[in-house]
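The exercises below are meant to be worked through with the sequence and the structure side by side. Try each task before reading the solution that follows.

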Amino acid sequence: MSEKRDNRSDKKIVEAYDKTTSTYTVKHATWDKKIKTYFIVGRKKKDVPKSETVVVAIDGDVATQSSEHDNLMNDAGKEVGDVNGVSTTAMLVKSHLNNSLNELNHADSMQDLDREPIDKTWTKFRNINYHSDKQLVRLVEGVKEREMFFKPPINRCMLTFEEDELEENYRDHYMEDQHNQQTISAPKYHSFLEIFVSFFVFAIISAFCFLVFDRQLPWIVFFCISFVLEILNIVRSVLTIKYAENREGSKWIKMINITSAWYFRNILGVVSASIPMAGVFSNFSCQLMDNTQWCDRFFCFCIVVSLLHYTNFTTLSSWMKSIFALLAGATLIVLIAVIKCSPDVADNLDNVTTVSPSVMTTLVYVNSTFINKTELTLLVLPDQDKNYVPLFAGFSILHIEIILDMILLIVLITFLNYESETSYRHNYYGDSQAWKYKQIMQEHKDQADWLLHNILPPHVSEIVRQTSKYSKNHKDVGVIFAAIVNFNDIYDESYEGGREFLRVLNELVSDYEDLLDRPEFKDVEKIKTISSTFMAASGLNEISRAQNQHPHAHLYALMMFCVELHDAIRRFNDSIFNFDFILNIGYNYGEVTAGVIGTTKLLYDIWGDTVNISSRMYSTGVAGRTQVPESTANKLGDKMDFEYRDEISVKGKGMMKTYLFKGVKPGAHWE
């Protein structure tokens, strides 16, 4: 093992007094110290002990295997539950182990076993098959969780969600249409359709009541009031659709919020469903039932249609609708069983034992003889009267049939309401779960996009997604290197391992990046940070660059970005005591090649002679200034002022004339 010596103990922070500024600054006092170095010549050889083999029985077969098999089976039994006393994972592993051993034994008969030891075969098998078995078991066990989609947590009796939050969301989703659906399946549009169907049923029932029944005063008054209520309900539904998402109609918002509440909607829905039924009952009178034949039958027919109307409004409580349907059906049964509008006819019907036409004819004949009328009187009666039995004239077998029909109809309505609400709640639960997972997926996608856009510029990431490759040449691209030249003098790993100094550097770089969000720097892009050096460029996004009025606007913007970086350093130094960071910036423009390197850990960077010269500009620059080569000074000289510095030696370029940025010329603009 090599000797390790650390020279960090010889690097200490001291406060140095600067006579020119009469201030103290934090610096490092470093003493050189020699350390020993070594070369790696190879890897130590170790004697690998042979694994102990044991004989294990698997499903009645005996095979020779390493002790790792037992450990594997024990681990498998701990992870999942037992099925009939045997671990599911263990069963799968045993099955695969048998197949592998059979294949191995078959291979042994054909090849030399010394070519590949049993340990390697078992290790390869464990690393591949065992983990796939574990994944298969997890998927099989996960099927139970999927049943929650088909069996949501609903109270089967009251038809309410067991989770209070889910029930509250279900009741409020009428107004909070989070999916922004513009289809009939949206709660607001679905409710409007049900209200329109209710108005249509009311109109049909009212029309037949005016045609068949006498236009009595109670019915006319009820019709006028109900018609106004139906119209107001339609208007309310239209306003809800219009202003539920559009908050501009503030004067209607309060009304919409009140009328769209869960209990108010249930009451309003039951009233709308009961209006046709109440209209039919308002036409009932003994005079009407006695004077008009078959009017009582038509009355019952209207009651049946009105009862079926209670299956409307599927978004409301099924129990409330079913209870009102039960009350309406019970009312008809009471009217038929109790009320006797024709007592004379009721007395004559006491001898009726059947309702067949032949018996009814005999009944009329006998009664005619009883009142001393001739048999010819029977022939004078119309044919339609021979089979007619009044419903509201006493008990008959026909009443039993009607009562049974009403009971079955009410049971059917209750079942339909129950199933419709159950289905609607199931759909809501599935939709809410799908929407929840969709939001989670969207959040993950947004996070992935955010990370990708922080690694790659947006205009590059879209291309990389499609082609997985990117490289392009750009002309007239500005490149800067902004380096804190004295950061290494302040950085000290002996204090908390250097974490505090990295935190300071992170805050400083974050201030740099905040400047990139400003609209005037839309063409400036951060490339990367190298230690305490910040690298940026402008003009790489050709779409954004083409929108500028001036062809060199991105170059001017990059220079102004350098000015803001100097201001950020000054503000940072003023805010932290005894820190005097010195920022050197090198600026150059020209042709560069941009590209993405890597397939898993992507890196976006630019290359070219322009980048190298920009790097030399900051390394040979002046403290607190921005240095540019002569070509850049000539390019930007029409809008900005530069002062000649000197000819300096640039690695790979020889002597180059350099200039220092002074400021923007008065009245210059490029936007």
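**Exercise 1: Two helix pairs**

In this predicted model, helix α5 (residues 164-172) and helix α16 (residues 397-455) pack with their axes 11 Å apart and at an angle of about 105 degrees. Describe how α5 and α16 are oriented to each other and which residues make the contact, then do likewise for α6 and α9.

Solution. Step one is to classify the angle: values from 65 to 115 degrees count as roughly perpendicular, and α5 and α16 are therefore roughly perpendicular to each other. Step two is to list the residues: α5 contributes Leu 166, Glu 167, Asn 169 and Tyr 170, while α16 contributes Tyr 424, Arg 425, Tyr 428, Tyr 429 and Ser 432. Step three is to sort them by class, which gives 5 nonpolar, 2 polar and 2 charged residues in the contact of α5 with α16.

Turning to the other pair, helix α6 (residues 187-212) and helix α9 (residues 262-281) have axes 9 Å apart and an angle of about 5 degrees. Angles under 35 degrees count as roughly parallel, and α6 and α9 are therefore roughly parallel to each other. From α6, the residues Ser 198, Val 201, Phe 202 and Ile 205 meet Ser 272, Ile 275, Pro 276 and Val 280 of α9. By class, the contact of α6 with α9 holds 6 nonpolar and 2 polar residues, and no charged ones.

**Exercise 2: Annotated spans**

Find where UniProt places the feature "transmembrane region", and state how much of residues 219-241 and of residues 323-339 is helix.

Solution. Begin with the record: the unreviewed UniProt entry places "transmembrane region" at residues 192-213, 219-241, 262-282, 294-311, 323-339 and 388-416. Next, take residues 219-241, a span that is 100% helix and 0% strand, with its end C-alpha atoms 33 Å apart. Then take residues 323-339, where the span is 94% helix and 0% strand and the end C-alpha atoms lie 23 Å apart.

**Exercise 3: Two positive phi angles**

Phe 313 and Ser 531 each have a positive phi. For each residue, say where it is found and whether it is buried or exposed.

Solution. Start with Phe 313, which has a phi of about 60 degrees although it is not a glycine. Phe 313 is found in the loop between α11 (295-308) and α12 (318-338). Its relative accessibility is 4%, so Phe 313 counts as buried, the cut-off being under 20%.

Continue with Ser 531, whose phi is near 60 degrees, a positive value in a residue other than glycine. Ser 531 lies in the loop between β8 and β9, and these two strands form a hairpin with 2 residues between them. Strand β8 (residues 524-530) and strand β9 (residues 533-538) run antiparallel and are joined by 6 bridges, with Thr 529 standing opposite Phe 534 in β9. At 57% relative accessibility, Ser 531 counts as exposed, since the cut-off for exposed is over 50%.

**Exercise 4: Met 640 and the strands around β14**

Locate Met 640, decide whether Met 640 is buried or exposed, and work out which strands β14 is joined to.

Solution. The place to start is strand β13 (residues 640-650), where Met 640 is found. With a relative accessible area of 1%, Met 640 is buried. Leaving out residues up to four places away in sequence, Met 640 touches Tyr 556, Met 559, Met 560, Phe 661, Gly 663, Val 664, Lys 665 and Trp 670. Met 640 and Ala 668 are 28 residues apart in sequence, and their C-alpha atoms are 7.8 Å apart in space.

Now follow the strand pairing. Strand β13 and β14 run antiparallel and are joined by 10 bridges; in β14, Tyr 659 is the bridge partner of Tyr 644. The hairpin formed by β13 and β14 has 3 residues between the strands, and Gly 652 in the turn has a positive phi of about 85 degrees. Strand β12 (residues 626-629) is also joined to β14 (residues 654-664), through 3 bridges, and these strands run antiparallel. Here Pro 629 has Thr 658 of β14 as its bridge partner.

**Exercise 5: The whole chain**

How many helices and strands are there in the protein, and what percentage of the residues is buried?

Solution. The count gives 23 helices and 14 strands. Of the 671 residues, 39% are buried. As a last step, consider contacts between residues at least 6 apart in sequence: 68% of them join residues at least 24 apart.

Note on methods:
Residues numbered from 1 in each chain as written. Predicted model: local features only at pLDDT ≥ 70, side-chain atom pairs only at ≥ 80, totals over all residues. Heavy atoms only, no water. Axes fitted to C-alpha atoms, helices over the stretch in contact; angles between N-to-C directions. Helix = DSSP H or I, 4+ residues; strand = E, 2+ residues; numbered from the N terminus. Parallel < 35°, antiparallel > 145°, perpendicular 65-115°, else oblique. Contact = heavy atoms within 4.5 Å. Nonpolar A, V, L, I, M, F, W, Y, C, P; charged D, E, K, R; others polar. Pairing = 2+ DSSP bridges. Buried < 20%, exposed > 50% of the residue type's maximum accessible area, 1.4 Å probe, protein only. UniProt positions renumbered as here; feature names shortened; annotations may be inferred.
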